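The following account leads the reader through a protein model, from its strands to a helix and then to its cysteines. Please keep the sequence and the coordinates at hand while reading.

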Amino acid sequence: MSGELRLWIVSITASAKLDVIYRGSTDALWVHGEVRGKVDFFFFSVEGSVELTIGSQPPTDPPPVQDLVTGVGLVARSIHVLLEGSAAGEPVDGVIAKAVEGTGPLPVDVPIDAIPVVSFLTLPKADQAMVLGAVLGSYAGAPANPWMQLGDHWWRYEVVAVRLTGGPLIPPPAPGASTASVWWVQKNDTESTSLQLALLNWTPDAHPAAVPYGEALTTTVQHRWGRLCSRAACPAPVLWTFDGQPLGPSTSGWELIGIPWPDEPDTVRTAPPSTRLRVREAWRIAPPVDALQGTDPAAVVGDAVPCLDGKERDDVETLKMSSTPDRLSGFSTRWWPSGEAALAELAAHAAQDGSLFDFPAVRQDTAWDPDVVSAFARAAGGRDRATPDAGCFGQILRSPAGDSPKPAPDGDSQTESLVSDAWQASAFVPHELRDTVVFGAGDETSPDAFEDVGMLLLVPRIGLEHGLIVWARDAEGNEVRRETVTGAHQVPTQASIPADWSKPGYPWVEPVHRATTLGGRVAVSEGLFEAYVHLEGLSGKATSIAIGWERTEEHPPFPPYYVVAVEACLSSETHRFQWDVTTLNADQQALSTALTQPAGSEPLLSPGTNYAVEVDWTATWIPVTGDPNSPLPGQPPAATLAPSDLPAAQTVAKSQSFAFRTKHKAGIPSDVVTDLSPWVLATIPAKDEIGVFTRAGVSLTFSSQRVAALFDAYDLELFAVVHAASGIHPRLADGSSPPAPHVPLTPASPFATLADPYGVTSPWREAVEGLVVELGCLDASHFDRSTFTVTIPYVFEPLTEYLLDVHARKKAAGGRGDIVYRVPFRTGRFADEAELAAYVGQSRAEGRGVLVPSALSGLVGEVSGAAIDDAFEKAGLGAPQVPGFPALQVLWSTDTEPQPIAIVVESSEEVVRSRSMPQKVPATAADPDPTHHYWTSAPSRWLRVAASVSAPEPGSTDAAIDRIVTAPGGTRVIVFLKSGSRGKRLRLDLVTDPDGPAGPAEKRTPLLSVPLGAAPWEVED
């Protein structure tokens, strides 16, 4: 008996690598070399390597660790900077000084309301950091994976604790309570770029006052907070097929890159889904040994398939592969069998007296050509659905076969001995399952875990009867879940493929179509059944999924099974989702706190005290390459890789300390304050106001309640007092006080209120409130804009000049101290608006005829005295004179039936009044940004004449007003009527609005009621 074996060599490859490390300080030399070679034959390949090592590999030198904290700045607090010009003499949101690390002169005279701001080198992990005694939580945009590359290493910085030592805070925080602190995050469109930690502060923005309101600010706020109300993207499942993998076996297995399911709209994520899936054969240990073992290896098989036709959909409810409309029988010329299928096809060819040399040519002649089929499909123009375009390629994985628990069962004794020695040397133990394929998520250095897994398989009938196992295990090899494939998993009798796999318009439908089309063809050819196996509830414990036959002696080797597609949700996605929910909640909490806490409620530093900001942190490092824990090129280490998982030498713990000294308590008031103007929003009366009602009292509105606490901490007290030029100083309304009482300016004063009378706010707060109200996830009713107002109910003498003075003095020192704010004003003759209205309204109306009514049409709004004089003279009325007493004039037309035109209201004191108060100034026509505006103190009308809104008397009808004209000084008002007012009645009110539009509801006082029945010269018949 004789024979021969002719081997066709397809390719020969070789590679070599040499690493040399020499350290002159110790004269240590380490050399490691490896030479690898591989020869590919027609049906199999042989691969081997030789390694050489000289010396011992020296330990890696630790890299220099950059300090996490780059500095601590002391930033000026700007809560009182609300009006233009109110920050004169100090930086707005700027750094006053920098705390000193180590030795050196300390910055002194730091204001006790300064904000210590910690700046970080990079984005650290900080979700568990103790900040001023409590866990602050994470920050917006904090990466779910804390590892980041700096130079040649991956670094994981973590903040452990932040302390403020040296002295107490004012007021001291309650035991166990968190102290005001907030993250300042700079973000671009997609990610956080820098991080600071602001201590003793609620506002999560570094520039709440310095950046004016406008498009630039609203854009920045949108970038930073626009996703505040978004949901975290749910854990995204990933689908893997064997698309694009080299056909045939692989000694090293397969690395699949999956397709994640797209996120829902308006959701956010801090990291993309992990998409790597490792596929290995459990029987392999090394290519040279594997070649001797005799197991038929797993292989990727593929063939041309019809491309997905978007116009003619397959049934997407349940995709049964064997019934998929392929309409192309058999396999194409691109199909190349492997393993037992290849040998069976070759044996059939030999049985017909065919030779090995002509086997490829016979296959080409008998199989259909995809190019020809596609050409016919294109020529048919889509009309011939019986000729689909076969321009796509489907691929699936065929399992190994013939896996034996014995070494080289079909080899001779020498081969068996070689394999046995290799197994013993490598501590290899055959897997509990036969013909096993093992799936692992992530990569070798950064493994992931499975939450749930779904697999589409092709199994022989015996597999549904005798135990194809799908086995989930944890990292220690313990069983998490075990599922035996049975008829219950057959598709589509009891199990069905998830609808998402073939959902139109989504990314899984095309790869699933290619794989299942080929799977259907293989199933028909080999008599296989489709089975879908779903392992739920793995809870992130399973690190590997194995598929194989249960090893039993009574069953012969089973035919191979096929893996068509795999879907899984990974533990890294669950971790990322939980992290994103946490950071989104922390972001909402930070902004909600900033918008609901009263301005100035943060604690103060103690005067004359040396403070230190201490930051404890750790840094853990991994070389980018060359370390057992180094990730794959371009991939970060796993987010779950903790310092405890690495050698202790790769983690450094450090504490940094930055010191400064606060300003001393005041020896005299001028040590701290000489002008309180920056803190004062408005006063009633305003500076130099005249005609003040004698029972109006006075009020001072401060930008924050902090003003009292701030000066109290400096050992100063503020009080208000009013003196009269006449020497008859005012008393309080109840008469209980002596003349000119000193009224303390503190929130505890019985005259103090916390309210929002003017609606003025910082540019940042206005922008962010507008955004979150639009987004709708925060309750705007709880937003706090409270300012601090002290209203003192003085009773004044009429027609008297007064001075409202605010004094600062040392506490308990007595005396007058220093005047830090002054408001001069003069009273009128009336006690209040009701007395003024009664005085004006009692006047008898006088009727006058207007010869030229059109001459009055140019009087609109506020007009000059000259304009009124000119219009009245042209109308035939003569220039009006300033009356010594209130007067009313009804102006009538001189028509046959006279019509009332207007009523002139004259008063000896103003019935229209304005005073300086906070006003929003909009953009001008020349401003390039139409949204730009700012707040300033400007005259605003607080007393005016308007039509009455109360119900008229029965049988009476109110005349309609066209416009109201105000003369200079506010003592004359001209009310123009609309046509048809004859026979009606004009009723007017005095409207008081002392705090502007944002204050309490306006107050109305009836001013006059004038009948408009007939002109006085009309003679009754």
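**Strands, a helix and the cysteines**

Strand E33, which comprises residues 680–684, is mostly covered, as five of its five residues are buried. The model under discussion is predicted. E33 pairs with strand E35 (residues 698–702) in the antiparallel sense, and four bridges connect the two. Within this pairing, Val-680 faces Phe-702 of E35. Strands of a sheet pair through backbone hydrogen bonds, and they may do so either parallel or antiparallel.

A further set of strands illustrates mixed pairing. Five strands form an open sheet, ordered E34-E43-E42-E36-E38. Strand E34 (689–692) and strand E38 (743–744) each have a single partner strand and stand at the edges, so one side of each lacks a neighbour in the sheet. At the E38 edge, the partner is strand E36 (residues 716–724): the two run antiparallel and are joined by two bridges. Here Phe-719 stands opposite Pro-744 in E38.

Attention now turns to helix H11. Its 13 residues should span 18 Å at 1.5 Å a residue, because the expected span is taken as 1.5 Å times one less than the number of residues; the end C-alpha atoms of H11 are 19 Å apart, which agrees. The buried residues of H11 are Pro-763, Trp-764, Arg-765, Glu-766, Ala-767, Val-768, Glu-769, Leu-771 and Val-772. These buried residues pack against H1, helix H9 (571–596), strand E47 (913–922) and strand E48 (933–947). After H11 comes Gly-776, with a positive phi near 90°.

How many disulfides does the structure hold? There are two disulfides. A disulfide is a covalent bond between the sulfur atoms of two cysteines. One disulfide is formed by Cys-229 and Cys-777, with their sulfur atoms 1.8 Å apart. This pair links distant parts of the chain, 548 residues apart: Cys-229 lies in the loop between helix H1 (215–225) and strand E15 (231–232), while Cys-777 lies in the loop between helix H11 (763–775) and strand E40 (787–792). The link of Cys-229 and Cys-777 is left-handed, with -70° about the S-S bond. Cys-229 counts as partly exposed at 22% relative accessibility, and Cys-777 counts as partly exposed at 30%.

A disulfide also joins Cys-307 to Cys-392, with an S to S distance of 2.0 Å. Again distant parts of the chain are linked: Cys-307 belongs to the loop between strand E21 (299–305) and helix H3 (339–351), and Cys-392 belongs to strand E22 (residues 392–398), 85 residues apart. The torsion about the S-S bond of Cys-307 and Cys-392 is about 105°, so this disulfide is right-handed. Cys-307 is partly exposed, with a relative accessible area of 27%, whereas Cys-392 is buried, with a relative accessible area of 17%.

When the bonded cysteines of the protein are numbered in sequence order, the pairing reads 1-4, 2-3. Cys-234, by contrast, is in no disulfide; the nearest cysteine sulfur belongs to Cys-569 and is 9.7 Å away. Why does the sulfur of Cys-569 form no bond with that of Cys-234? The sulfur of Cys-569 is 9.7 Å from that of Cys-234, its closest cysteine sulfur, and this is too far for a bond, because a disulfide requires sulfur atoms within 2.5 Å. Cys-234 counts as partly exposed at 42% relative accessibility, while Cys-569 is buried, with a relative accessible area of 10%.

Technical notes:
Residues numbered from 1 in each chain as written. Predicted model: local features only at pLDDT ≥ 70, side-chain atom pairs only at ≥ 80, totals over all residues. Heavy atoms only, no water. Buried < 20%, exposed > 50% of the residue type's maximum accessible area, 1.4 Å probe, protein only. Contact = heavy atoms within 4.5 Å. Pairing = 2+ DSSP bridges.
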